[in-house]
Amino acid sequence: MKSLARLLGLALLAALGAMLLASFGSGSFTAHMIIHMGIVAVAAPLVAYGLRDTRLDPLPGVIRASPMLASLVELVVVWFWHLPALRRIADGSLALSLVEQASFLVAGVLLWHACFRPKDGRLAGAAGLLFTSMHMTLLGVLLALAPRPLYGGGDVTCFGIPLSAAADQQLGGVVMLMVGALAYLLGGILLLAGVLREDEALPAKRPPC
């Protein structure tokens with residue numbers, strides 16, 4: 001199972017890398033967001049699960065990051081790369097775009113790894129994923145409802161589809177909401193459900209006589 005997850009994650013990363021090369025220079029924020037969400041919300045959990053407790057585990061024999069700390073790292077990385085000034089620079093440099101997506105992958109794998117194997121229990125993992133869902137939702141809403149385009153002002157092309165800058169940004173925000181925020185929300189709910197199942201399985205304590 002872990003080998004399959006690892007292979008699927010690596011195959012998806014290769015496909016997303018090809019998408020990045022194909023879409024670079026189009027100026028499409030939606031294309032950027034599709035790649036970004038594919039990395040952090042789909043490929044990263046597959047890779048993190050596939051590497052867990054193997055010789056390729058990125059954190060063997062060290063103290064693992066707590067889920068909340070990993071979520072804060074993810075927050076800083078994501079919001080940093082979506083500052084308008086930095087977004088314009090990254091859109092004009094393929095090398096910087098690759099560094100950006102690599103940082104998303106590292107932050108994503110760190111977060112999912114920490115939440116899959118939280119040292120404080122599943123409840124801590126659920127809290128980390130739910131907090132990440134909250135800040136992803138906030139950023140997605142800000143992007144979708146912004147009164148003006150934050151990343152350029154001209155028309156763009158998203159995988160051959162022409163879009164205005166405003167529509168492109170709105171669609172990118174929706175992608176973040178529908179893929180990113182939802183993936184972390186579902187992950188957090190599943191971990192929380194596991195906590196509840198464990199509590200139900202515990203034998204009831206008998207009252208003192």
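In this predicted model, the count of salt bridges comes to 2, and R87, D91 and E100 are linked through them in a network. The protein around this network has 7 helices and 2 strands, which follow one another along the sequence in the pattern α-α-α-α-α-α-β-β-α. Of its 209 residues, 42% count as buried, and among the contacts with a separation of 6 or more, 79% are between residues 24 or more positions apart.

**The salt-bridge network**

- Side chains of opposite charge can pair when their charged atoms come close.
- One of the pairs joins D91 to R87, where the closest N and O atoms are 3.2 Å apart; the two residues stand 4 positions from each other in helix α4, which means that about one helical turn separates them.
- The partners in this pair differ in how much of their surface is accessible, for D91 has a relative accessibility of 33% and counts as partly exposed, whereas R87 has a relative accessible area of 1% and is therefore buried, the cut-off for that class being under 20%.
- R87 also meets E100 in a salt bridge, with a distance of 2.6 Å from N to O, and this pair links distant parts of the chain, since R87 belongs to helix α4 and E100 to helix α5, 13 residues apart.
- Both members of this second pair, E100 and R87, are buried.

**How α4 and α5 meet**

- The helices that carry the network, α4 and α5, pack at an angle of about 120 degrees, and their axes are 6 Å apart.
- Why do α4 and α5 count as oblique to each other? Their angle of about 120 degrees lies outside the range of 65 to 115 degrees that counts as roughly perpendicular and is not over 145 degrees, as roughly antiparallel would require, so the pair is classed as oblique.
- On the α4 side the contact is made by R87, I89, A90 and D91, and on the α5 side by L96, S97 and E100.
- By residue type, this contact of α4 with α5 divides into 3 nonpolar, 1 polar and 3 charged residues.

**The largest nonpolar core**

- In soluble globular proteins, nonpolar side chains tend to be buried together.
- The largest nonpolar core here holds 38 residues, and the members that touch the most others are V40 and M136.
- Two or more residues of this core come from each of the helices α1 (2–23), α2 (29–51), α3 (67–81), α4 (84–91), α5 (94–116), α6 (122–145) and α7 (165–201), and α2 gives the most, with 11 residues.
- When residues up to four places away in sequence are not counted, V40 touches P45, E74, F104, W112, M136 and Y184.

**Two buried residues in helices**

- H36 is found in helix α2 and has a relative accessible area of 0%, which means that H36 is buried.
- Beyond residues up to four places away in sequence, H36 touches V78, H82, Q101, F104 and M176; F104 is also among the residues that V40 touches.
- S23 lies in helix α1, and with a relative accessibility of 11% S23 counts as buried.
- Leaving aside neighbours within four places in sequence, S23 is in contact with A31, I35 and F159.

**Loop residues**

- F159, one of the residues in contact with S23, sits in the loop between β1 and β2 (161–163).
- Most residues other than glycine have a negative phi.
- F159 has a positive phi of about 50 degrees, although this residue is not a glycine.
- With a relative accessible area of 41%, F159 is partly exposed.
- G152 has its place in the loop between α6 and β1 (156–158), and its relative accessible area of 40% makes G152 partly exposed.
- Although G152 and R87 are 65 residues apart along the chain, their C-alpha atoms are separated by 9.7 Å, and R87 is the residue that forms salt bridges with D91 and with E100.

Key. Residues are numbered from 1 along each chain as its sequence is written. This is a predicted model: local features need pLDDT of at least 70, side-chain atom pairs count only at pLDDT 80 or more; totals for chains, interfaces and linings use all residues. Side-chain values use heavy atoms; hydrogens and water are left out. A nonpolar core is a set of buried Ala, Val, Leu, Ile, Met, Phe, Trp, Tyr and Cys residues joined through side-chain atoms within 4.5 Å. Buried means under 20% relative accessible area, exposed over 50%, partly exposed in between (1.4 Å probe, protein chains only). Contact means heavy atoms within 4.5 Å. A salt bridge is a side-chain nitrogen of Lys or Arg within 4 Å of a carboxyl oxygen of Asp or Glu. Axes are lines fitted to C-alpha atoms, for helices over the stretch in contact, and angles run from 0 to 180 degrees between N-to-C directions. Angles under 35 degrees count as roughly parallel, over 145 as roughly antiparallel, 65 to 115 as roughly perpendicular and the rest as oblique. Ala, Val, Leu, Ile, Met, Phe, Trp, Tyr, Cys and Pro count as nonpolar, Asp, Glu, Lys and Arg as charged, and the others, Gly among them, as polar.
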